[in-house]
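Colleague: Before we discuss the details, could you put the chain on screen, so that we can go through it together?

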Amino acid sequence: MLLRHTTSEIKDRSALMVNPAKTCQPIGAMYAALGVHGCLPHSHGSQGCYAYHRSTLTRHFKEPVMAATSAFTEGASVFGGQANLLQAIDNIFTVYEPEVIAVHTTCLSETIGDDIPQIVNKAKAEGRIPEGKYVFHANTPSYVGSHVTGFSSMTKAMVDYFAESAAPKSKLVNLIPGFVEPADMSEVRRIASELGIASIMFPDTARVLNGPMTGKYKMFPEGGVTIEQLKQSGGSMGTIALGAIASAPAGLAMDAKCKVPCQVLNLPIGLHDTDLFVDTLRRMAGVNVPESIDLERGQLVDAISDWHSYLYGKRVGLVGDPDQLLALARFLTALDMKPVYVVTGSPAGKKYEEALRETLSGVADEIHIAVPGDMFLFHQWIKNQSVDLLMGNTYVKYIARDEDIPYVRFGFPILDRMGHSYFPSVGYRGALRLLEKVLDALLDRKERDSTDVNFELVL
Ligand code: SF4
């Protein structure tokens, strides 16, 4: 019992989080920055923060994650990090030759109050940024928000720094995929292209963090949105921002800056939210939905109706990031499952919490939602009344083991399995894969608990 100190008695806590269901802002900012082609993320703070950010991404994606740091020592911590960042910009462009540097701050540099735009302007004035190269930034103080906030801020910075207004508008659609896996980003783009729609996706980590082994090391892999595309995105006919928390700020900034109308949707996880995504694409671009997409949808509906009896009424506990949880909860309720406990560590706001409560209203007599909450509380709910299935990141495995509950890994970070960066969870195909994982977990448990008499070959 690794979590044997978790009690079933729940007491009010106002100033203590135990096992928060989130990680720090710069991790999300670094992930978003890796979705820009030729970009070297730069952590403006101490080496310890930077090592943590890189290692979390490396452990999740099983890929080397390149980044740089201002490497604060005692002097920078007292007098500010300007000299360190100026020197770093010089060194990075000289030694590594990226197209662009994406600077994010840390708790330390935010507490000092370093003014990054002023430092970047100074670097420009001093000729430290070569012609045709760029430096952009996002403020990511980790004592507020979470990795999702950091991702969202860095994505919005791409709009603030690069998007250029144009008229007339092109036939391109901007896709902002949210904090999802590289494979999800590929799938979102594939669905758009099945409809015959040309798109600009940002950020785009496909082939950056799930690239092939070629035998040759490349510091800057093939994938990622280019700066040219980011500039062009201001002339697109529309933007679809997937996820109100991770993507909406960038989509709305694009609308305000370049008059590109933005539609904010849930992540396309599950049947109904993928339907909404496809329908929005269809209406925005004035195209028809091709047979290939109808086929994928039909296969998902067929699988749901074939296997529904094993899903019906199953109680589920969910831990994860806000955009994922909302869409996943909608998918599970559409399968007649009962997501009764939902926890996110990200402070997603009242409006988000209301949307989640509305999605889950009527699912069960008692629903527990914590926005933001922690996994200690989640575990306590389970101790009081258990569930049939857990879905969440790697940290949920301790609860699954202690309480002997079937468990599906979903979300970020997943440190102890592979596959998540290669196989999507979004779209109809992604929903089919999620369905398979949920069914596998439930049926494996059913078989484990069956007597010899009840152990069936065909389920
Ligand atoms: S000090 Fe702040 S930025 Fe650095 S690792 Fe900790 S939470 Fe993240």
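Modeller: Helices here are DSSP runs of H or I with at least four residues, and they are numbered from the N terminus. Please keep in mind that this is a predicted model.

Colleague: In which helix does V438 lie, and across which strands does that helix lie?

Modeller: V438 lies in helix α17, which spans residues 427-448. That helix runs at about 150° to β13, and the strands it lies across are β12 (389-392) and β13.

Colleague: Is V438 buried or exposed?

Modeller: Leaving aside residues up to four places away in sequence, V438 touches L389 and V408. A residue counts as buried if 20 or more other C-beta atoms lie within 10 Å of its own. Because V438 has 24 such atoms within 10 Å, V438 is buried.

Colleague: What is the order of the strands in the open sheet?

Modeller: The sheet has 5 strands, and their pairing is parallel. Its edge strands, each pairing on one side only, are β11 (368-370) and β13 (407-409). Neighbouring strands are turned by 20° against each other on average, direction ignored, and the order is β11-β10-β9-β12-β13.

Colleague: Which residue of β11 is the bridge partner of V342?

Modeller: Strand β10, residues 338-343, pairs with β11 in the parallel sense over 3 bridges. In β11, the bridge partner of V342 is I369.

Colleague: How many charged residues are in the shell around the ligand?

Modeller: The ligand is surrounded by C24, P26, G45, C49, Y52, T106, C107 and S142. These divide into 5 nonpolar and 3 polar residues, and the charged ones number none.

Terms used
Residues are numbered from 1 along each chain as its sequence is written. This is a predicted model: local features need pLDDT of at least 70, side-chain atom pairs count only at pLDDT 80 or more; totals for chains, interfaces and linings use all residues. Two strands pair if DSSP finds at least two bridges between them. Helices (H or I, at least four residues) and strands (E, at least two) are DSSP runs, numbered from the N terminus. Axes are lines fitted to C-alpha atoms, for helices over the stretch in contact, and angles run from 0 to 180 degrees between N-to-C directions. Two residues are in contact if their C-beta atoms, placed from the backbone, lie within 7 Å. A residue is near a molecule or strand if its C-beta atom, placed from the backbone, lies within 6 Å of it. Ala, Val, Leu, Ile, Met, Phe, Trp, Tyr, Cys and Pro count as nonpolar, Asp, Glu, Lys and Arg as charged, and the others, Gly among them, as polar. A residue is buried if 20 or more other C-beta atoms lie within 10 Å of its own, exposed if 12 or fewer, and partly exposed in between; C-beta atoms are placed from the backbone.
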